[in-house]
Amino acid sequence: MTQPDMPRPPKLRDDCFALPAGVDWTPVDEALALLNAAIDCVVGVEQVSHANVVGRILAQPVTARRSNPPAPNSAVDGYGFAHEATGEGDQLLPLTDGRAAAGAAYGGSVPQGSAIRILTGAILPEGVDTVVLEEDCNVTATHVAFRGPLRPRANTRKAGEDVVKGAEVFAKGHMLRAQDAGLLAALGVDEVQVFKPLRVGVLSTGDELVTPDIEAPADRTYDANRPMLLQVAKAWGCEAVDLGHIRDDRDALAAGLDDAAQRCDIILTSGGASAGDEDHVSALLREQGNLQAWRIALKPGRPLALAMWQGVPVLGLPGNPVAAFVCAVMFARPACLKLAGAAWQDPQGFLVPAAFEKRKKPGRREYLRARMGPSGVEVFASEGSGRISGLSWSEGLVELPDGEAVIAQGDLVRYIPYRSFGL
Ligand code: AMP
Ligand code: MG
């Protein structure tokens with residue numbers, strides 16, 4: 001259900017990616033802070049059913065419409081009674097006729113000193129505050145016998161012990177998951193306000209690129225970035241818009257960007273972003289898109305091109321697929337999520353023992369393709385950033401600090417599983 005009268009947030013300013021004067025190589029953390037400061041949510045709002053919320057981002061906090069559980073109830077199948085009438089040692093209580101079951105409450109009141117058959121989830125009848133497990137009882141048609149003492153309120157659940165009515169259960173900006181759909185339903189929340197999906201356009205540049213449906217000569221390169229980045233955008237809950245492949249031709253590129261700006265909220269390009277002869281993306285964006293080439297101190301990575309094309313942010317990723325992937329997860333992800341209405345996201349990393357050795361020079365933060373092995377985190381045999389098979393071999397990235405580092409086997413290093421990047 002869309003709400004056409006809901007206003008969309010304003011577009012970003014054309015100079016939003018400008019760096020402070022004098023900035024040369026920007027450390028990763030600073031670049032991320034600058035990116036966070038430059039962007040804001042650009043999407044509108046719609047209402048969706050609790051059943052369709054997975055991957056959606058809340059546009060409003062959600063509060064519980066009722067408590068969970070709404071009333072005190074039994075946590076087990078057994079016999080309920082007033083605790084006050086019981087004590088230590090053998091207990092023998094007369095049974096009240098009838099029973100209390102989930103969805104079929106016992107309407108009457110259980111007399112002090114009597115017990116009633118009660119099933120899991122049944123609301124505690126008047127006169128019942130404690131339940132004894134049926135496995136701990138001997139029962140006849142008229143009586144139940146068990147051994148005391150029982151804790152007061154044993155085997156019962158208090159009203160609101162999980163969530164109290166009116167409590168905020170999700171903040172604005174939270175991306176909802178499958179288990180959240182369950183909680184929404186449990187709290188009687190039928191519909192929620194979410195942001196419309198961010199439309200992420202993906203385009204590849206380079207005369208050498210072809211699609212894998214043709215038999216290509218050796219001087220052609222199969223376009224690996226576009227299918228990868230389209231799927232990445234989908235995994236982030238965005239609407240992926242395939243903008244195709246554009247040759248290294250300035251007019252074609254300008255036309256492609258014009259078209260993209262009409263139907264996307266952000267444009268991810270790959271290739272052509274350096275300062276080489278064929279780097280038309282950066283040349284064009286410099287002239288017409290207020291290009292800011294961020295020289296970020298990270299490896300693998302080339303300058304990250306940030307620009308605005310007709311009010312739409314353009315993020316120019318490196319052509320090299322490994323560098324494109326690392327820059328996408330490190331920079332495009334938090335940018336897309338924030339544009340899409342989520343809170344800024346730093347990937348969750350874990351300190352784990354290294355199952356490798358490495359010496360690194362100061363100056364650039366390094367990301368190694370990695371995965372957990374029996375004795376710690378292992379890294380891909382080659383750091384060559386053309387080795388795209390290493391992306392598939394790996395299950396995450398090891399992040400080595402900006403400064404110099406000497407890593408020995410068993411040293412703790414920061415490992416970021418791809419799941420932390422939503423992949
Ligand atoms: P560029 O930044 O355009 O100079 O590209 C750097 C390297 O990445 C070159 O070897 C390109 O052929 C390669 N490359 C660029 N785009 C892609 C792509 N979409 N898929 C695979 N390789 C690419
Ligand atoms: Mg190129």
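Here follow questions and answers on a predicted model of one chain.

The model is predicted, so local features need pLDDT of at least 70, side-chain atom pairs count only at pLDDT 80 or more, and totals for chains, interfaces and linings use all residues. Residues are numbered from 1 along each chain as its sequence is written, chains are lettered from A and ligands numbered from 1 in the order in which they are written, and side-chain values use heavy atoms, with hydrogens and water left out.

Visitor: How many helices and strands does the chain have?
Guide: Both are DSSP runs, numbered from the N terminus: helices are H or I with at least four residues, strands are E with at least two. The count is seven helices and 29 strands.

Visitor: What is the radius of gyration of the chain?
Guide: It is taken over C-alpha atoms; the globule rule is 2.2 Å times the number of residues to the power 0.38. For a compact globule of 423 residues that gives a value near 22 Å. The C-alpha box is roughly 95 × 60 × 50 Å along the principal axes. The chain itself has 30 Å.

Visitor: Which element gives the largest share of the largest nonpolar core?
Guide: A nonpolar core is a set of buried Ala, Val, Leu, Ile, Met, Phe, Trp, Tyr and Cys residues joined through side-chain atoms within 4.5 Å. The largest has 59 residues, and Leu 198 and Phe 331 have the most contacts inside it. Elements giving two or more residues include helix H1 (28-38), helix H3 (225-235) and helix H6 (321-339). The largest share, 14 residues, comes from H6.

Visitor: Which residues does Phe 331 touch, not counting those up to four places away in sequence?
Guide: Contact means heavy atoms within 4.5 Å. By that rule, the partners of Phe 331 are Val 28, Ala 31, Leu 32, Leu 35, Ile 296, Leu 298 and Leu 304.

Visitor: Is Thr 26 buried or exposed?
Guide: Buried means under 20% relative accessible area, exposed over 50%, partly exposed in between (1.4 Å probe, protein chains only). Thr 26 sits in strand E1 (residues 25-26). Its relative accessible area is 1%, so Thr 26 is buried.

Visitor: What is the omega of the peptide bond joining Asn 68 and Pro 69?
Guide: Most peptide bonds are trans. Pro 69 is in the loop between strand E3 (62-63) and strand E4 (73-74). The bond from Asn 68 is cis, with omega about -10°.

Visitor: What is the phi of Asn 290?
Guide: Most residues other than glycine have a negative phi. Asn 290 lies in the loop between helix H5 (280-288) and E19. Asn 290 is not a glycine, yet its phi is positive, about 50°.
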